[in-house]
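Thank you all for making the time this morning. I would like to walk you through one structure, and I will try to keep to what can be read from the coordinates.

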Amino acid sequence: MWRATASAMCLRTLAGGALALWMALTPVHADEPGLRIDTANSFAGFSVRAAWVKRIDGRFAHIEGVVRPEADEAGLLEVRIASGSVLMGRESHEDWARSADFFDTARHPWIEFRAAGLSKSVLHAGGAIEGVLTLRGISRPVRFELLPAECARPGIDCPVQARGEVDRSRFGMTARRVFVSDKVKLSFDIRLREPAAPPRESL
């Protein structure tokens with residue numbers, strides 16, 4: 001039992017620290033420095049098991065955000081996903097995903113993820129990143145795994161790929177738990193807009 005108690009205390013400590021970090025961050029504005037996410041060429045998706053066997057897949061048509069520079073050559077990743085842009089191949093599934101049972105898009109139009117301390121080494125070699133996911137107005141610390149980059153300039157010449165899993169019940173999605181798994185797999189393939197070249201000085 002002491003192990004369970006210690007794990008719970010560590011989780012609460014991590015959650016408190018991550019939530020404090022999230023609250024301290026300011027919104028992204030168009031005139032702030034950073035590399036913008038290439039919305040047209042970026043992907044955010046999810047999958048969930050139904051009736052313990054069938055897998056239901058979905059994706060989002062709109063994802064936006066920025067990677068902003070921080071100290072020590074690290075970066076701050078900020079991603080926003082329009083929850084109402086969900087696509088699943090069947091209209092009935094999309095209606096359910098947008099309903100109050102799942103994403104509740106009428107009241108919570110955005111899904112957000114923020115992660116600080118994103119180092120160049122992790123972008124190239126892959127590894128764990130920890131941040132805060134806000135879904136249905138509830139913010140929780142989450143952990144994603146970055147896959148090793150397949151190019152010299154991750155995000156520019158190839159996508160930054162992240163994979164993870166969350167318990168939907170932690171974000172208030174408790175409906176149909178008998179038929180739909182609590183585990184939701186998430187995936188991000190993010191491309192960044194190439195930075196504009198500095199203007200050439202006239203002679």
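Let me begin with the cysteines, where Cys-151 and Cys-158 form a disulfide with their sulfur atoms 2.0 Å apart. Please keep in mind throughout that this is a predicted model, and that every value I quote is computed from it. The angle about the S-S bond is -75°, and the link of Cys-151 and Cys-158 is left-handed. A search of the whole structure finds one disulfide, and that is the one I have just described. Are its two cysteines buried or exposed? Cys-151 has 18% relative accessibility and therefore counts as buried, the cut-off being under 20%, and Cys-158, at 6%, counts as buried as well.

From there I would like to turn to the sheet. It is an open sheet formed by 11 strands, in the order 1-4-5-7-8-9-10-11-2-3-6, and the pairing is antiparallel. At the edges stand strand 1, residues 35-36, and strand 6, residues 86-87, and because each has a single partner strand, one side of each is left without a neighbour in the sheet.

Strand 2 deserves a little more attention. Six of its eight residues are buried, so strand 2 is largely enclosed by the rest of the structure. Strand 2 pairs with strand 11 in the antiparallel sense over seven bridges, and Ala-50 stands opposite Val-180 in strand 11. Strand 2 also pairs with strand 3, residues 54-60, again in the antiparallel sense and over seven bridges, and here the bridge partner of Ser-47 is Asp-57 in strand 3. Elsewhere in the sheet, strand 5 and strand 7 run antiparallel and are joined by seven bridges, and Arg-80 stands opposite Glu-112 in strand 7.

Strand 7 brings me to the aromatic residues, for which a search of the whole structure finds nine pairs. How are the rings of Phe-113 and Phe-144 arranged? Their centres are 5.0 Å apart and their planes stand at 80°, so the pair is edge-to-face. This pair links distant parts of the chain, since Phe-113 belongs to strand 7 and Phe-144 to strand 9, 31 residues apart, and both Phe-113 and Phe-144 are buried. Phe-113 also forms an aromatic pair with Phe-188, and this one is stacked, with 6.5 Å from centre to centre and 25° between the planes. Here too distant parts of the chain are linked, Phe-113 in strand 7 and Phe-188 in strand 11 being 75 residues apart, and both Phe-113 and Phe-188 are buried. Separately, ring pairs link Phe-46, Phe-60, Trp-96, Phe-102 and Phe-103 into a cluster.

Finally, let me come to the empty space. The structure holds three cavities of 30 Å³ or more, and the largest of them has a volume of about 140 Å³. Of the 15 residues that line the largest cavity, the closest to its centre are Phe-60, Phe-103, Ile-111, Leu-135 and Leu-186. The elements that give two or more residues to this lining are strand 2 (43-50), strand 8 (127-135) and strand 11 (180-190), and strand 11 gives the most, with four residues. By class, the lining of the largest cavity divides into 13 nonpolar, two polar and no charged residues.

The second largest cavity holds about 50 Å³ of space. Among the residues that line the second largest cavity are Leu-123, Leu-146, Pro-154 and Gln-161, and by class its lining has eight nonpolar, one polar and no charged residues.

What, then, lines the largest pocket? This pocket, with about 540 Å³ of space, is lined by 29 residues, of which Leu-35, Val-67, Leu-118, Leu-123 and Leu-192 lie nearest its centre. The elements giving two or more residues to the lining of the largest pocket include strand 4 (63-69), strand 5 (75-82), helix 3 (120-125) and strand 10 (160-167). The lining of the largest pocket divides into 20 nonpolar, four polar and five charged residues. I will stop there and take your comments.

Key. Residues numbered from 1 in each chain as written. Predicted model: local features only at pLDDT ≥ 70, side-chain atom pairs only at ≥ 80, totals over all residues. Heavy atoms only, no water. 1 Å grid on protein atoms, 1.4 Å probe; cavity = no way out; pocket = protein on both sides within 12 Å on 5 of 7 lines; lining within 4 Å. Points joined across faces, edges and corners; volume = space filled by probe spheres on them. Nonpolar A, V, L, I, M, F, W, Y, C, P; charged D, E, K, R; others polar. Disulfide = S-S within 2.5 Å. Buried < 20%, exposed > 50% of the residue type's maximum accessible area, 1.4 Å probe, protein only. Pairing = 2+ DSSP bridges. Phe/Tyr/Trp six-rings, centres within 6.5 Å; stacked < 30°, edge-to-face > 60°.
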